[in-house]
Amino acid sequence: MAKKLQDFFQNLRDRLPNDLLTIERAVAPADYEVTALLQHLENEQRYPALLFEKPRNLKGEPSSFPLLSNLFATRRRCALALGMDPDDERLPLSLEYARREEKMIAPVTIPVREAPVKEVVKRGEDADLYDFPIVRHHAMDPAPYIDMTPVMKDPDEGFYNIAFLRNMVKGPRRLGIHMSPRHNWQIYRKNSERARPTPVAIVISHHPAFYLGALNVSPFGVDDYGRVGAIMGESLRLTASETWGDDFKVPADAEIVIEGNLLPDVREVEAPFGEFTGYYGPQRVRPVIEVTAITHRREAVFQHTFVGHRDNWVLGGIPKEGSLFNLIRGIVPTTKAVHFPISGCCRYHCYISIDKKVDGETKQAALAALAGCDFVKHVIVVDADIDVFNEQEVLWAVATRLQGDQDVDIIKNVKGNTLDPSQTDSIMTTKMILDATRPVGRPFAARLEVPKEALKKTKLEDFIPPSVLNGLL
Amino acid sequence: MAKIFWVTCPQCQGDFYCHSEELRHKKIQLLCPYCSHRFLDEESPKIVE
């Protein structure tokens, strides 16, 4: 049975009943009310998924689409999305993603009449973005933004690419789009050079495994529909689009799909927009999408992500951990774990643990990470006794196993990320490798350890009553 | 990040920033994110770059 968002809601209610909070009171997403609530919760370090039953649309009216927010803000929910035990949220989740990411599961095509996303079809003037409860996120954002996944198709080889890209609402059928020079941008560039529009289908809501799959770090040329299927654990069901028919297929089990043409010769001002870095990207001159059709389920839910916060960070980190684990382990077979911590927006910092056998493996692992994902800026490599999911342990290793003049490498003029505010060049950045592993070639101090036997025979509950123990800070 | 310049909206006095290479001295109207006023960079009462 094909995975759908509605099925995940039920799974979430059954397995993590406190994780999905339904808000019955009316809310105005375009007036920052949704992000204000999310910020209040974040200030209290609470990260539930929120389902707003009565959001207002961009006309100020009650929308017929409930609004889903913050779904990806915890690794526990992401583990559940992949059909795992939520308690396996750390290393097992990374390794499971890595295992699935090594395969492809080809999509299947179903007739339009059987596709849930075609229950309601609106074309041309009937398609109206203002019907949706689109969120305005941060103070300097000029408009509500759709922040989910445009799909594009390579004009030469026919593979599909999916990416999270921001879309500024400019009119009922007009969107701005920002692309960094990555895969979708390459597709757009190819079409633009031939003065052709680029077909785009924005997948607004789907089962969360779809989005975890969409963020794979595969090379340009890999069909994302096949890779998404591998992460979902089943063939992704596709169906013909309204605008291009069988020449461009869309996910049949999405809640909502917006179709449109990315124009080759139109640029308009777009942004500032609060980005994943926690800063605003500057106002720029960016391409424009003309919307041609909107299709959706009858009871469709509209989803957004809280960009620049955990919802956006955690979602981006898990696929990178899996993809880079496979890449690095191919070069350093004793690689134990890869983690993208919250402190680096789950993108800029990469922690790698290896069971180092010879000096130099550290550098190999780090260089593989830097080459494999251009988001990675600072790599810290630690020994296998360090839990990379425990940042305190990682920084303890940096404090006690690293000498700045011997174990830090600076690599200048590497392709970076255009949204990193510390970059002084628009494209190039400086990468840093921190080797916080113990040297193999010389004796090194031993880590403290209370004898295992003593730990085994001396039980807390034998000395401290549970009532007292539970009350301890 | 690319080089940026800060501008002030002549209508609402709100401050925001733009991509220098794409929008400074380009005769392209900027969009104030606070009041939607459109103006040229040279109309800004203050520019920090």
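A:Pro62 is a handy place to start in this predicted model: with 12 other C-beta atoms within 10 Å, A:Pro62 counts as exposed, because the cut-off for exposure is 12 or fewer. The residue sits in the loop that links strand 2 (49-52) to strand 3 (67-69) of chain A. Leaving out residues up to four places away in sequence, A:Pro62 still touches A:Ala26, A:Lys54 and A:Arg56. There is also a pairing in space with another proline: A:Pro133 lies 71 residues away in sequence, yet the two C-alpha atoms are 8.6 Å apart.

Zooming out, chain A is assigned two domains, with domain 1 covering 5-310 and domain 2 covering 330-436. Taken over C-alpha atoms, the centres of domain 1 and domain 2 of chain A are 30 Å apart. Where the two meet, domain 1 of chain A puts in 12 residues and domain 2 of chain A puts in 13 residues. On the domain 1 side of that contact, the mix by class is 5 polar, 4 nonpolar and 3 charged residues.

Then there is the nonpolar interior. The largest nonpolar core takes in 138 residues, and the ones with the most contacts inside it are A:Val257, A:Ile352, A:Ala369 and A:Val379. Helix 8 of chain A, spanning residues 310-329, is the top contributor to this core, with 7 residues. Both domains of chain A feed into the core as well, since at least three residues come from each of domain 1 (5-310) and domain 2 (330-436). A:Ala369 gives a good feel for the packing: setting aside neighbours within four places in sequence, A:Ala369 is in contact with A:Leu324, A:Ile328, A:Cys350, A:Ile352, A:Val376 and A:Val379. Two of these partners, A:Ile352 and A:Val379, are themselves listed with A:Ala369 as having the most contacts inside the core.

That leaves the meeting of the two chains. Here 13 residues of chain B are in contact with 15 residues of chain A. On the chain B side, the elements giving two or more residues are strand 2 (15-19), helix 1 (20-23) and strand 3 (30-31). Strand 2 of chain B gives the most, with 4 residues. By class, the side of chain B that touches chain A comes out at 11 nonpolar residues, with 1 polar and 1 charged.

Note on methods
Residues numbered from 1 in each chain as written. Chains lettered and ligands numbered in written order. Predicted model: local features only at pLDDT ≥ 70, side-chain atom pairs only at ≥ 80, totals over all residues. Domains from an automatic or database assignment. Contact = placed C-beta atoms within 7 Å. Nonpolar A, V, L, I, M, F, W, Y, C, P; charged D, E, K, R; others polar. Core = buried A, V, L, I, M, F, W, Y, C linked by C-beta atoms within 7 Å. Buried ≥ 20, exposed ≤ 12 C-beta atoms within 10 Å, placed from the backbone.
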